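Please open the structure in your viewer, with the sequence panel alongside, and follow the selections below in order.

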Amino acid sequence: MPKTTIDDGLYQRAAAAAEKAGYSNVDELIKTAIENEVKRIGEDLDEQQVADQLRGLGYIE
């Protein structure tokens, strides 16, 4: 499993946020945050592809 490194200050803030939000641990919070961001970026790319296609067809400028 890949691992990453974050600075201690960010980790402590994430741990506090995880506890406050009811996550079982900081890893669960980080996994959820990454999943949400990857999904958001994917949706942004999909919207851009649709816009490019509509622009190519002359429907939008």
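Contact here means heavy atoms within 4.5 Å, and helices (H or I, at least four residues) are DSSP runs, numbered from the N terminus. This is a predicted model, in which local features need pLDDT of at least 70 and side-chain atom pairs count only at pLDDT 80 or more, while totals for chains, interfaces and linings use all residues. Residues are numbered from 1 along each chain as its sequence is written, and side-chain values use heavy atoms, with hydrogens and water left out.

Begin by selecting α1, residues 8-21. Its 14 residues should span 20 Å at 1.5 Å a residue, and the end C-alpha atoms of α1 are 20 Å apart, which agrees; the expected span of a helix is 1.5 Å times one less than its number of residues. At the N-terminal end of α1, D7 acts as the cap, with a side-chain oxygen 3.0 Å from the backbone nitrogen of G9. After α1 comes G22, whose phi is positive, near 90°.

Next select α2, residues 26-56. The 31 residues of α2 should span 45 Å at 1.5 Å a residue, and the separation of its end C-alpha atoms, 45 Å, agrees. N25 caps the N-terminal end of α2, where a side-chain oxygen lies 3.0 Å from the backbone nitrogen of D27, and α2 is followed by G58, with a positive phi near 85°.

Which residues of α2 are buried? Select V26, L29 and A51, which are buried, a term that means under 20% relative accessible area, with exposed over 50% and partly exposed in between (1.4 Å probe, protein chains only). The buried residues of α2 pack against α1.

Stay on α2 and select R40, which counts as partly exposed because its relative accessibility is 39%. The side chains of R40 and D44 are joined by a polar contact of 2.8 Å, that is, a pair of N or O atoms within 3.5 Å; within protein, one must be able to donate a hydrogen and the other to accept it, and residues adjacent in sequence count only if both atoms are side-chain atoms. E35, also placed in helix α2, is partly exposed, with a relative accessible area of 44%. A distance drawn between the C-alpha atoms of E35 and I6 should read 17 Å, the two residues being 29 residues apart along the chain.

Notes. Helices (H or I, at least four residues) and strands (E, at least two) are DSSP runs, numbered from the N terminus.
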